[in-house]
Amino acid sequence: MQTSSLSAAPLCTELRFPASSSISTAMASIESLKIPHSLNNFSFCQREGRLKLGLRANRRVSFTCNSISRIESPASEERENESAGSASVSTVYVPTPPNRDLRTPHSGYHFDGTTRQFFEGWYFKVSIPEKKQSFCFMYSVENPAFRRKLNPLEQAQYGSLFTGVGAQILGADDKYICQYSEESRNFWASRHELILGNTFTAGNSSRPPNKEVPPEEFNRRVLEGFQVSPLWNQGFIRDDGRSNYVKTVKTAQWKYSTRPIYGWGDVGVKQKSTAGWLATFPVFEPHWQICMAGGLSTGWIEWDGERFEFQNAPSYSEKNWGGAFPRKWFWVQCNVFEGASAEVALTAAGGLRGLPGGNFENAALIGIHYAGVFYEFVPWNGALEWDVTPWGHWQMSADNGIYRVELEATTDDPGTTLRAPTIEGGLTPACKDSCCGVLKLQMWEKRSDGSKGKVILDVASDMAAVEVGGGPWFNSWRGKTTTPELLKRALQVPVDVDSIFSVVPFLKPAGL
């Protein structure tokens, strides 16, 4: 661990490339500056000092985390002096290119301009194995058709719709921060790409951005707010004092670049929609898309008076959108493992979601990326089962006809209550999370008689993110997926929705 005073040389060297630069040129420069190892064939094995996402047994991943001396200056001085410190890490800003590699379907903003009940939420996580700490960034917008809180006439016409934009962070030592505004007039997002931002407080005489801007321009125009893309995340927020039920920090500031490694699918092919091609239609809501199952992030986060620096830290992103969150759900995610010979990324979840007509269904999936290959366990290619307690224990198993997977996660951590968009109360406490889950993950290739055969994966972690939400959670939830045969067959049809709409782009739905 390194420490330094804030009066030394620049802490982070930031490079920018103009939008006219080729992405290959920019990425080549990034690799020479911030990823000092080979990434050929997307291999991250810890062979001859090369980096990997997972860990070999008894070997820690070679990410660097430097903790800088505590900061006593007020928020405005923190922003002015964000370059202070000793040269340690280099953040490289690259404008989001069109038609980027590893872009998943549904990366864009799904708001269609109507007044129907609607939310969209985005989740970005960075794990720092050397410090056994993770930072989870959560952004959300509710009912953006109304840029301000509804007036009495609008409430009479549309009902009690909650509006606004929220930014939450669950960070080091399970501390939390949330800034929320009932107005969304300074929120913006790209219709077809994972790019969004919001200004809570603008700079003096500055107009809030309405699109992705270079980092130094963002710093001039935004005092409190954020902007995020597949390659970049930066912001500064101030806790709004509404979360007296958890340990909070007063302010948080961050700036880091990301190199996506996995989207949602095999490396080198077109990426997949997490919920299948029917997610194009607003029927089975809420929808869910893993945007980046695994990536490498480099930068810094100022948190509770301490600056956390990281190089090539495992990172992850996903999103939800629709009318409301599921009635009840659970979730497990991890991309820091011990015992793997190559990189591993896991996402597993289940929920009780609404259907047209007021009915509900069990939905679940397990997705594993391992050594460049995607292993998918979803209701339309097999069966999933789970046993999840109100808190502390998550167990799932699945069979897709070719492979079988079993996972178990536990935690003694009490968890931290987070907010989620709800119909009943807007952005309100609705779930509990921890990034200290102890996880065991196993996967086998099946024999012809259906029994477990060759072991494909047998790994463990003590940095899994775990969550339960909604309710009620009076006791353990034991469930399994049951998909109607007609729907299962429909989802098995390889429909390339994106290619269809490329012929008639003016009909392409928002977000796709």
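**Cores, rings and confidence in a predicted chain**

Student: Which residues have the most contacts inside the largest nonpolar core?

Tutor: A nonpolar core is a set of buried Ala, Val, Leu, Ile, Met, Phe, Trp, Tyr and Cys residues joined through side-chain atoms within 4.5 Å, and buried means under 20% relative accessible area, whereas exposed means over 50% and partly exposed lies in between, with a 1.4 Å probe and protein chains only. In this predicted model, the largest such core has 38 residues, and the largest share of it, six residues, comes from strand β24 (residues 452-470). The residues with the most contacts inside this core are Leu346, Ile366, Ile368, Phe377 and Leu441.

Student: What is the mean pLDDT of the protein chain?

Tutor: Residues are numbered from 1 along each chain as its sequence is written, and side-chain values use heavy atoms, with hydrogens and water left out. Since this is a predicted model, local features need pLDDT of at least 70 and side-chain atom pairs count only at pLDDT 80 or more, while totals for chains, interfaces and linings use all residues. The pLDDT is the predictor's confidence in each residue, from 0 to 100. In the protein chain 79% of the residues reach 70 or more, and the mean is 83.

Student: Over which residues, with 201 contacts beyond near neighbours in sequence, is the pLDDT below 50?

Tutor: A contact means heavy atoms within 4.5 Å. One stretch where pLDDT stays under 50 is residues 83-87, which have 22 contacts beyond four places in sequence. The stretch you ask about, with pLDDT below 50 and 201 contacts beyond near neighbours, is residues 1-78.

Student: Which residues does Ile368 touch, not counting residues up to four places away in sequence?

Tutor: Ile368 belongs to the largest nonpolar core, as one of the residues with the most contacts inside it. Leaving out residues up to four places away in sequence, Ile368 touches Ala345, Leu346, Val373, Phe374, Tyr375, Phe377, Val405, Leu441, Met443 and Leu457.

Student: How many residues are in the other core, which includes Phe124 and Val141?

Tutor: This other core lies apart from the core of Ile368. Its members include Phe124, Phe135, Val141 and Ala252, and its number of residues is 34.

Student: What is the angle between the ring planes of Trp386 and Trp477?

Tutor: Rings of Phe, Tyr and Trp (its six-membered ring) pair if their centres lie within 6.5 Å, and planes under 30 degrees apart count as stacked, over 60 as edge-to-face and the rest as tilted. By this rule there are 26 aromatic pairs, including the tilted pair of Tyr109 and Phe111, with 6.0 Å between centres and 40 degrees between planes. Trp386 in strand β19 (residues 383-388) and Trp477 in strand β25 (residues 477-480) are 91 residues apart, where strands (E, at least two residues) and helices (H or I, at least four) are DSSP runs numbered from the N terminus. The rings of Trp386 and Trp477 are 5.5 Å apart, centre to centre, and form an edge-to-face pair with a plane angle of 80 degrees.

Student: Is Trp300 buried or exposed?

Tutor: Trp300 is found in strand β13 (residues 287-303), and its C-alpha is 8.1 Å from that of Val89, although the two are 211 residues apart in sequence. Because its relative accessible area is 1%, Trp300 is buried.
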